[in-house]
Structure formats: C-alpha cells, structure tokens
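The following exercises concern a single protein chain. Each sets a task and then works through a solution step by step.

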Amino acid sequence: MQPRLCCWLLLFSSLCGSVAWSAESGLVADATISLSVRDCLLMVLENNRSLSVERYGPEIYETFIDEQGSVFDPSLDGEINASDTTGQRTSGVGDFRQVESQTKEMNVAVSKKLPLGLEMDAGLNAERRSSNVYRKLYSTRIGASLVMPVMEGYGKEVNLAGVRLAETDVEISRYELQGFVNALLFNAEDIYWDIQLAHEELEIQDVSLDLAQQQYAETKDRIDVGALGEIELAAAEGEVALRESAVVDAQVALQTKSLELIRALNPGSDRPWELYLHLTDTPEANPPQFSDTTNDCVFIALSNRPELRQAQLEIDKNEIEFVRTKNGLLPKLDFFVTLGHTGFARTFTDSVESMIKDENYDVSGGFLFQVPLGNLADKARHKRTGLYKEQAEEALFNLEQLVELDVRTALLEVERTTRQIDLTRRAAHLKEDQYQAELEKFKVGRSTNLLVLVARRDLIEARLNAVRAQIERRKALANLTYVEGTTLDRHRIVLPAR
C-alpha cells in the first residue's frame, strides 16, 4: 500500500486521441476526450476530487506515530530561582538575633525514558547562600537517578503500545484508502459501460424513430389512395410519438451518465460539463478472457480484499490493548537508585574543584511498592479488551464468508451474462425475420399497422436486450475483479513501490 495513493500514478502514456488544449486560453480546443477504459481509470486516479480528499487520511494518521513516540524523546529542564529571607535565630543562651539570608540557585537536568520502562535523568545544581551571620557559601552538585519498573510498566510491549497502535491505524487508513480506490475505479468503469449502453440504446431508438416515421408516411400515402382506412393512421401516429419519447429518454440517460463520468474524471477544463466523451472500448471488442475456477477466485479475493486486511489489523490492535491492560493488573513495583557528588567552598570555582576532589557524595536506593485494593477499573478494562478481541475475530470470520458470497454471486452473474449474449443475439435475429415478414404481409394487404408495430416493438426490445447482454457481461467481469480486489492488476496499472 501507498501512504499517498493519489500520487502513485503514471502519466497518461496511452491516452488515445487525448484532449487538444488551447495554448492561449487553456480550454479544450475540440471539446472532446477520447478514452479507453484504462485511460478513464488513470484519469480518475490522477484527478478525482473525492480521492484527493481521501488521500490525506494516511498522512494524518502518520502524525500520531511521532506523537506517541515523543514520550521517549529526551527532555532538557532548567530552573533559576532566588529567595530573600528575614527572620530570627537563638544564640543558645536565650538571646535572639535578627538574620537576613539570600539564596540563588540554578538547576539543569536531562531526562529520558526507554522502551523497557527505565526512566533516567542526570543534572547539575549550583547554589549560593549568604547572610549577615556567615559569609557567602557556594555548593555544586552533579547527580543522576534511575527508576526501573519491575512489574507494572515493564517491557517494550507495554511501553510501545501507543506507537504500535498508531502504526496499525496508519496501515488501516491505507487499506481504507485502497478500498476507496477500488470502489472508485469500479464505479467509474460501471459508468463507462452505462454510457456505451446509453449510446447503443439511443442509436437503436433513433433508427426505430426513422422506421416509425417511414411507416407513418407510407400509411398516410396508402390512406390517400384509398388502400387503407383512416383508422390505421392513429396507430402509426401513436408509434411515432412513442419512439420520439423513447429517443428523449435515451438522450437524457446518456447526458446524465456522461455528467457522472465527467465528475469522476475531473478534467482540467474551464468548462468541464460541456466536454464530449468519445469512448473507444466497445463491449464486443477484445472481451476479457476468464478461466479461473471458483476456488481460485475465492482464494484471490481472500488474499487481496482490503476489508479483510483491515479486519485483521483490528484484531492486532485488540491484541496490543489486551497486553497493555493485562500489565495494568499487576502491582506497581519500581526499583530506584540516586547518585550524587557535591562540593562546598567560598567561591563557585572552588566549589567545583571541591566537587571533583573531595569525598562529599550521596547514594540512595530502594523499592517503591503500590497495590490498588480491588482494582475494579483495570479489571473491567482488561475484560472489555478481551471481549473486543473476540468480537473482532468473529467479525473477520463473518467478513470472509461475505467475501466468498460476493465472489460466488459475481461468478454466477458472469456465467449468466455470458450465456445471455448468444441467446439474445439469436432472439434479435428471429425478431428481425418476424418483423420483415409482418412488414411484407402489410405491403400486400395481409396484415395491419398494429401488427407491424407490435413486431417492430418486439424487434427493438430484442435488439436492446442483445446490447444489454454484452454490456452486462463487461460490467459483471468488472464486478468480479472488484470483489476479488484485482481491478488495478486487470487494467495493468502499476503503482510505484512504497
């Protein structure tokens, strides 16, 4: 997967009859884009606005990795303070004396936490004290301390849980983006074939309108010469109106689908909605060959569907949380040690020298122990995480079953549409013969306008069914590769390595 799927793409190397752009205005010169299916998908991946929005998802989630990992960044802390105190002190014989003292102090320390849970810091302290009782006194101390959890909070699995969860969320977002891309490409290809179907239907309806108008003219001529009665004209006139209505419907359907595809393509034109799409792939030209068995298709889908990868990653997230909440049930036991070396003198320089030479040191160490009584909250969190984990596993099993159902259903649709191509083509030929026979009988006065019109309507529907069968097979194959998760592979679209 790519962190930036919208930037994967190769430039349009095979865009047949690509858009001719005007150098002066930036508009499309001939207002026509010629596209194969592959060209269409490439342009969608390059320009689609919805994809441009979705591609930010992985990048946004990647920022959480650094945020979670920042807990292990070293920290530099500093402090400078001064104090002035006025008070009294006893001399030991009952007398009190006014005492005025001043203190100035500076602290600098570096601290860091390691993935095992060890926390360590090292620092330098410099202090100056003075009063009206004694002269200035300087002290300098260098020290270090370590705190190591022994039970709760120990181990990389626990301390790196936040980072691991953030990394898993990044992977999930990438698979979400992959699923979005697959759906986007499938939808674009589906619209592509809908447009081709709308073109074919419009062409058939145009021819049918021409035939209806010819039939109306012939009927009117025969009525004028007395060969037919006036009643025959109504049927012919009604057929012309019906065909005109069908042409209007076909034109609007074509325009609607064209607008949907233009929205998905998002071509860089100032007037994109006015573009004309010339689609070069036809349903009967170079139909895809399909030879995989049902088990092969199911295996491919189980290996490629991004939803399954997401479901597995959700299980992984719950595993991480399960380990973290289980550690939270342990009592808190920390080992600590503190080391320091201090120098005292009347000047700052002498105090540093004293710190190096003299034996003024301090050492402390021990254990900190804490056991919460009851610990109901941690127990509830751990139990809930375990239930989430079991739920995610059940969801994965259910999703695998649904994916297999999708594949088997898609295969049945491919088989159905493949068989329908020959059947509908033969039916169209038969309806053509019936129409011609009825037309010949009408010419010699052995049939009526109504019977001719019924035969022609049957012929139109048969031709439409033959065209639909070819388009439906293309769409069924596109759906099969979509449910397999192999749309990019089938169209030979190669994405750059991650």
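**Exercise 1.** At roughly what angle do the axes of helix α10 (residues 376-443) and helix α11 (residues 449-484) cross? Determine the relative direction of the two helices and the make-up of their contact.

*Solution.* In this predicted model, the axes of α10 and α11 come within 7 Å and cross at roughly 160°. Angles over 145 degrees count as roughly antiparallel. Therefore α10 is roughly antiparallel to α11. The handedness of the crossing of α10 and α11 is left-handed. Sorting the residues of the contact of α10 with α11 gives 21 nonpolar, 8 polar and 12 charged.

**Exercise 2.** At what angle do helix α3 (residues 56-69) and α5 pack? Classify the arrangement and describe the contact.

*Solution.* The packing angle of α3 and α5 is about 175°, and their axes lie 8 Å apart. It follows that α3 and α5 are roughly antiparallel to each other. On the α3 side, the residues making the contact include G57, P58, Y61 and E62; on the α5 side, they include G162, V163, A166 and E167. By class, the residues of the contact of α3 with α5 comprise 8 nonpolar, 5 polar and 4 charged.

**Exercise 3.** Is N182 buried or exposed? Locate the residue and name its contacts.

*Solution.* N182 belongs to helix α5 (residues 161-224). A residue is buried when its relative accessible area is under 20%. Because its relative accessibility is 4%, N182 counts as buried. Leaving aside residues up to four places away in sequence, N182 touches P306, Y482 and G485.

**Exercise 4.** What is the sign of phi in N266 and in N375? Place each residue in the chain.

*Solution.* Most residues other than glycine have a negative phi. N266, however, has a positive phi, near 50°, and is found in the loop between α6 (231-265) and β6 (276-279). For N375, phi is also positive, near 55°; this residue is found in the loop between β8 (361-370) and α10. N375 is buried, because its relative accessible area is 13%.

**Exercise 5.** Which element of the protein chain has the lowest mean pLDDT, and which the highest? Set these values beside the figures for the chain.

*Solution.* The protein chain averages a pLDDT of 85, and 90% of the residues score at least 70. Among the elements, helix α9 (residues 348-357) has the lowest mean pLDDT, 82, and helix α8 (residues 306-327) the highest, 94. Over residues 1-29, the pLDDT is below 50. Beyond near neighbours in sequence, this stretch of residues 1-29 has 69 contacts in the model.

Definitions and conventions
Residues numbered from 1 in each chain as written. Predicted model: local features only at pLDDT ≥ 70, side-chain atom pairs only at ≥ 80, totals over all residues. Heavy atoms only, no water. Axes fitted to C-alpha atoms, helices over the stretch in contact; angles between N-to-C directions. Helix = DSSP H or I, 4+ residues; strand = E, 2+ residues; numbered from the N terminus. Parallel < 35°, antiparallel > 145°, perpendicular 65-115°, else oblique. Left-handed = near helix turned anticlockwise from the far one by under 90°. Nonpolar A, V, L, I, M, F, W, Y, C, P; charged D, E, K, R; others polar. pLDDT = per-residue confidence, 0-100. Contact = heavy atoms within 4.5 Å. Buried < 20%, exposed > 50% of the residue type's maximum accessible area, 1.4 Å probe, protein only.
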